[in-house]
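Colleague: Please give me a close look at one strand and the surroundings it is built into, and then go on to the other parts that help to place it. I would rather have one connected account than a list.

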Amino acid sequence: FPFPYTPYRIQEQFMEALYGALEAGRIGIFESPTGTGKSLSLICGALSWLRDWEEKRRQEEARLLALGAGGQEGLTPQRARPGCADTAGQPDWVTAFVQKKEERDMVDRLKEEQLRRKKREDRLEKIRHNVQLKYAAKRKRCEEDDAKRLLQLSKEALSEGAGEGALDQLDHNEEELILAEYESDDEKKVVSGLEEDDDDLEEEHVTKIYYCSRTHSQLSQFVREVQKSPFGKDTRLVALGSRQTLCVNEEVRRLGALQLINDRCTEMQKNKHEKKSDEENEWKKRHVSRPVCPFYSYEQMQFLRDEVLVEVKDIEQLVSLGRETKACPYYGSRFAIPAAQLVVLPYQMLLHEPTRNAAGIKLKDQVVIIDEAHNLTDTITCIHSAEVSGSQLCCAHSQLSQYMERYRKRLKAKNLMYMKQILYLLEQFVAMLGGNVNQNPGCQAVSQTGTVLKSINDFLFQSQIDNINLFKIQRYFEKSLISRKLFGFVERYGGPASAVKTNKENQKLAGLQNFLLTLQQGSDKEGDPPVEAEHDQLRTASPLMQIEGFLSALTNANQDGRVILNRKGTVGQSSLKFLLLNPAVHFAKVVKECRAVIIAGGTLQPVAEFREELLCCAGVDPARIVEFSCGHVIPPENILPIILCSGPSNQQLEFTYQTRDLPQMMDETGRILCNLCNVIPGGVVCFFPSYEYEKQVYGHWENTGLLSRLAAKKKIFQEPKKANQVEQVLVEYAKCIKRCSQTGGQMTGALLLSVVGGKMSEGINFSDDLGRCVIMVGMPYPNIRSPELQEKMIWLDKTMPRAAGQAPSRVLLENLCMKAVNQSIGRAIRHQKDYASVLLLDHRYARPAIFNKLPQWIRERTQVKPAFGSAFAEIRKVRTCHILCP
């Protein structure tokens, strides 16, 4: 395998296993700890396979074309024998004729593919080596900008004296808010070429690898690794992202919220493409047209596409290129998908089918690599779950009613019918929460509070909407763009500052303004935290968009999800939530269509969750699943994992809900930390099961004086609840450790009190002195009283087989706990020369069912210590060893 340096042996093993899985078309679960060069192994292993695959295909094509050109036999594996009929009873000459035709078609298709590929390669080669082309394109853009500027100046000069038509113009601009005539599927007449752009002939998708990860920063890091790899110069790579990340139109970017950016962008494209009648075109000559995005230029986006394919670029470079070329990176990058060999994209874009289709992603016979996949099951569940509040339901009902009243005379019967159905749905949803849509939800008290779970069918029957076809409603939302039209309507008339004429028609709109105002005041009275005006606008202006997602979720199969009715003090605070129980139904299409799927991560233990709940439930043959887990590159002596069963005063460590609040348990935890902070240099990170327990223990230590004893050796930091404060705490923590290591003295570093599942348990790098010891206080089991978790457990017990005598619900709890533990303790060892101790404070970690769910490279080095003395001696020995032999 080509590699930028001599690979570790485990990297070679990883690449060999990966190559074999891709070649055989397997579903692979690949675990490689952080610091072992997993990204480079993925790049070099997968791209080596792709290079060999392309070479084999070229050789096969050349052979078939040679046979076709020579008119030889043997193009198809089965030939008809003379004088016999085939199994379907056809005469041999018919079979021979059909096969001949298939052979000719195949040869023609291969010739077309070759021609298309040659054209693409020639074009990219020309761009790669011909600098003049780039200058010519840049000069042309400057000329176009100058022409547009002059045209705008002339328009402004003409419009100065055209004040008499202003009123008419305002009224006509309102046309964009009115729904077009809607035709349902069975009535729709197929008009060829209506939606298609004649010059945008779809390019055939080459065999490619889709690499996805969780965040844009992780994707950018991966692209930089590709750039440094031996494949960096000749790989056609495209990085995809959201509009929020890739948009270069400052007017749209300023909207901030993702939903607003999406809708404004789509509206601008619609303005550019929609076919206008002669009457409308005549009107446009006399009036200023609606905004069209200046970056949505087909020619410039084609140029950007070629630039992207010529040289590997990450998302930041793509955005810079978009600004420079005056081309939209969001759409331009999508043009590059068919010809790309490696497509880098976020989880959600690949795992959500409507988003996948909208982006032009085709998975048929392609390879998918899902990195950082430890939360894959949760991610799929979250993407396909949806929640709407009582406030949103009432607000949407009011907005839609006002909209329908204003434009009733302009709307066709089909539109009115669907809108009445949507209004009825909203009324019934609010009734299920115990309220009335015609009253302020913030003032309506709920008589029966609490959480109730229902199956989808029960919810539909009890809310009396089972006679409405939700699939047709869903399609109506998609095709009519009702949510976007309604948003435009509210944007125009919903704000208190909007100028609304006082005729009879517009008096009705005052009701909408007043209603939104009472909602705003109602939420303020309820003590909601203040939010930015932008998000406030999103909450009040576009609730139907959220409801659209909830209605779509209700079209899932009855057995795959539940509806949660969460009734709180008022209707406004109450909510309806769809909970997806079976993520496999949405992952099934991915594994079915793809040639191979690789699920990769630094810590994937326990992998049984992926194998049973995600893959087997998705219909994957167990024989197709391959697992690979490698050790770490660090020497065995560089990590000391210890399961500690009792503390310095022989108090047994068992942090259950019943015992963890006892004073003696909190005192014992404090004594352990005091002893460790005396001998461990640098940073110590201590993880607690929850923010509440961390706060409780901190308060107890403060009262008993234990905190001041700890603070004498280590400066104490606490993980903040607010995400925007995390960076500051980490910076101060690192500065303190560095200062202590340079100055010496009694203070030896810092102690960071963190929370499992919090901001610092994933993605944060506590390498070297930042994490010389990681301590896990107790076992972070999830809250078993959560209705969602209880329903998931019931569903698993009904649908999944028992594993090793354990109920699937019990296995789920252990898996959730150990996944969180493994992510947290994985923060410490981050590279080959790093070293750290890991302490698991609870005797239950020694139980075989739990112990076997630790990562293999930690498990095989773990020591179980019944008493604190022997554990402390081991830690001192390791510390002494590393001081003498750094």
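Modeller: Two strands are taken to pair if DSSP finds at least two bridges between them. By that rule strand β13 (residues 682-688) pairs with strand β16 (residues 773-777), in the parallel sense and over 4 bridges, and Cys686 has Ile775 in β16 as its bridge partner. I begin with this pair to fix the term, and the strand I would look at closely is β10. Please keep in mind throughout that this is a predicted model.

As a frame, the protein has 886 residues, of which 50% count as buried, and its secondary structure comes to 35 helices and 18 strands. Among contacts with a separation of 6 or more, 80% are between residues 24 or more positions apart.

Strand β10 covers residues 596-601, and 6 of its 6 residues are buried. Both of its faces are covered: Ala596, Ile598 and Ala600 are buried on one side, and Val597, Ile599 and Gly601 are buried on the other. The strand also has paired neighbours, one of them being β1 (residues 27-31), which runs parallel to β10 and is joined to it over 5 bridges; in that pairing Ile29 has Ile599 as its bridge partner. Another is β5 (residues 367-370), again parallel to β10 but over 4 bridges, with Val367 standing opposite Ala596.

Ile599, which is buried in β10, is also one of the residues that Leu376 touches, the others being Leu351, Ile370, Phe587, Phe610 and Leu614 when residues up to four places away in sequence are not counted. Leu376 and Phe587 are the residues that touch the most other members of the largest nonpolar core, a set of 68 residues. A second core, separate from that one, has 52 residues and includes Leu177, Val490, Tyr493 and Leu554.

Two details of the backbone belong to this region. In the loop between β10 and α26 (608-616) sits Pro606, and the peptide bond that joins Gln605 to Pro606 is cis, with omega at about -5°. In the loop between α15 (353-359) and β5 lies Asp365, which has a positive phi of about 60° although it is not a glycine. Most residues other than glycine have a negative phi, and most peptide bonds are trans, so features of both kinds deserve a second look. Asp365 counts as partly exposed because its relative accessibility is 47%, and the partly exposed class runs from 20% to 50%. Leu481 likewise has a positive phi of about 60° without being a glycine; its place is the loop between α20 (470-480) and α21 (482-493), and a relative accessible area of 23% makes Leu481 partly exposed.

Helix α26 leads on to a pocket. It is among the elements that each supply at least two residues of the lining of the second largest pocket, together with α16 (376-383), β9 (575-580), α31 (787-799) and α32 (808-825). That pocket has a volume of about 1400 Å³ and 46 lining residues, those nearest its centre being Tyr781, Pro782, Asn783, Leu789 and Leu816. The element that gives the most to its lining is α32, with 8 residues.

Enclosed space is a separate matter: there are 2 cavities of 30 Å³ or more. The largest cavity holds about 110 Å³, and of the 13 residues lining it, Cys247, Asn249, Cys265, Cys293 and Cys328 are the closest to its centre. Helix α9 (residues 258-273) contributes the most to that lining, with 3 residues.

To return to the opening pair, β13 and β16 stand side by side in an open sheet of 7 strands with parallel pairing, in the order β14-β15-β13-β16-β17-β12-β18. Its edge strands, each pairing on one side only, are β14 (714-718) and β18 (863-865), and from one strand to the next the twist averages 20°. Helix α30 (residues 726-743) lies across β13, β14 and β15 (749-755), and it runs at about 155° to β15.

Note on methods: Residues numbered from 1 in each chain as written. Predicted model: local features only at pLDDT ≥ 70, side-chain atom pairs only at ≥ 80, totals over all residues. Heavy atoms only, no water. Core = buried A, V, L, I, M, F, W, Y, C linked by side-chain atoms within 4.5 Å. Buried < 20%, exposed > 50% of the residue type's maximum accessible area, 1.4 Å probe, protein only. Contact = heavy atoms within 4.5 Å. Axes fitted to C-alpha atoms, helices over the stretch in contact; angles between N-to-C directions. 1 Å grid on protein atoms, 1.4 Å probe; cavity = no way out; pocket = protein on both sides within 12 Å on 5 of 7 lines; lining within 4 Å. Points joined across faces, edges and corners; volume = space filled by probe spheres on them.
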